[in-house]
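Thanks for coming. I have one structure to go through today, and I will keep to the helices, strands and charged pairs. Here it is.

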Amino acid sequence: MTAPTRIIVGMSGASGALLTVRLLQALRRTQQVETHLVITASALLTASQELDLKRRDLEALADVSHNVRDLGASLASGSYLTAGMVIAPCSMKTLASVAIGLSDNLLTRAADVILKERRRLVLVARETPLNLAHLRNMVAVTEMGGIIMPPVPAFYAKPLTIDDVVDHTVGRILDLFGLSHSELQKRWTGMGDDSANDASEADSGDEWSNE
């Protein structure tokens, strides 16, 4: 029997605790993944504020949980094989720590390991607007091989609820790890004939349509 793929899920203190919850739920449904959860103290405060969830509630969604202060954990070594890591949501403090290789707790050390082992690192960066430090840190992580993936709504999917928006983001995360899913997002397949015809007519003779 093939061992399940290990994916590390990190949760930092930015707004968006629902992203972690829905991601863990989706990964459990795939039955292809063993999830390893690392939660910061700030993330616990956010989860309590936004969702009224405690540590035990979050840890119950994962296969394995690790103490963020445990720098001797399996995730701190590149010899411990994983398919990669997602930090969702990723605060700007955690982003900065990853960008400079600070490795001051298990969350940022695990991210550092993922980068040095050339595995997939996805940071669901949650902040707006962005200052120059944020942008430079995003560039630094990208140059090291990481993926910056802000949770941007796809309005073409016509979301009706917050869950619709969050599920679309979670679906895109699973895509980055090559994990199959069907119910999380509405995929773009092109405009319908009516929309395409309307756009063509608008461009045919109107000077103002040149954007």
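I will begin with Lys116, which counts as partly exposed at 39% relative accessibility. Its side chain meets that of Glu117 in a salt bridge, with N to O at 2.7 Å. Glu117 is partly exposed too, with a relative accessible area of 30%. Keep in mind throughout that this is a predicted model.

How many salt bridges does a search of the whole structure find? The search finds six, and I will describe two others besides the pair just mentioned.

One of them joins the side chains of Arg28 and Asp63, at 4.0 Å from N to O. This pair links distant parts of the chain, 35 residues apart: Arg28 sits in helix 1, and Asp63 in the loop between helix 3 (55-59) and strand 3 (64-66). Arg28 has a relative accessible area of 42%, so it is classed as partly exposed. Asp63 is partly exposed as well, at 45%.

The other is between Glu59 and Arg55, where the closest N and O atoms are 3.7 Å apart. Both residues lie in helix 3, and they are four residues apart, about one turn of the helix. As a general point, an α-helix has 3.6 residues a turn, so residues three or four places apart point the same way. Glu59 is partly exposed at 27% relative accessibility, and Arg55 is partly exposed with a relative accessible area of 36%.

Now the strands. Five of the six residues of strand 5 are buried, so the strand is mostly covered. On one side, strand 5 pairs with strand 4 in the parallel sense, over five bridges. Within that pairing, Cys90 stands opposite Ala125 of strand 5. Strand 5 also runs parallel to strand 6 (residues 147-148), to which two bridges join it. There, Leu123 stands opposite Ile148 in strand 6. Between these two strands the chain passes through helix 6 (residues 132-143), and this β-α-β crossover is right-handed.

Helix 6 also holds His134. Is His134 buried or exposed? It is buried, because its relative accessible area is 14% and the cut-off for buried is under 20%. Setting aside neighbours within four places in sequence, His134 is in contact with Met92, Leu95, Glu127 and Pro129.

Last, helix 7. Does its length come out as expected, and what should the span be? At 1.5 Å a residue, the 15 residues of helix 7 (residues 162-176) should span 21 Å, and the end C-alpha atoms are 22 Å apart, which agrees. At the N-terminal end, Thr161 caps the helix, with a side-chain oxygen 3.4 Å from the backbone nitrogen of Asp163. Just after the helix, Gly178 takes a positive phi of about 70 degrees.

The buried residues of helix 7 are Val166, Asp167, His168, Thr169, Val170, Gly171, Ile173 and Leu174. Which elements do they pack against? They pack against helix 1 (17-30), strand 4 (84-90) and strand 5 (120-125). That brings back two elements from earlier: helix 1, which holds Arg28, and strand 5, which pairs with strand 4.

That is all I have. I can go back to any of these residues on the screen.

Notes: Residues are numbered from 1 along each chain as its sequence is written. This is a predicted model: local features need pLDDT of at least 70, side-chain atom pairs count only at pLDDT 80 or more; totals for chains, interfaces and linings use all residues. Side-chain values use heavy atoms; hydrogens and water are left out. The expected span of a helix is 1.5 Å times one less than its number of residues. Buried means under 20% relative accessible area, exposed over 50%, partly exposed in between (1.4 Å probe, protein chains only). Contact means heavy atoms within 4.5 Å. A polar contact is a pair of N or O atoms within 3.5 Å; within protein, one must be able to donate a hydrogen and the other to accept it, and residues adjacent in sequence count only if both atoms are side-chain atoms. Two strands pair if DSSP finds at least two bridges between them. A crossover is right-handed if, with the strands pointing away from the viewer, the path from the first strand over the helix to the second runs clockwise.
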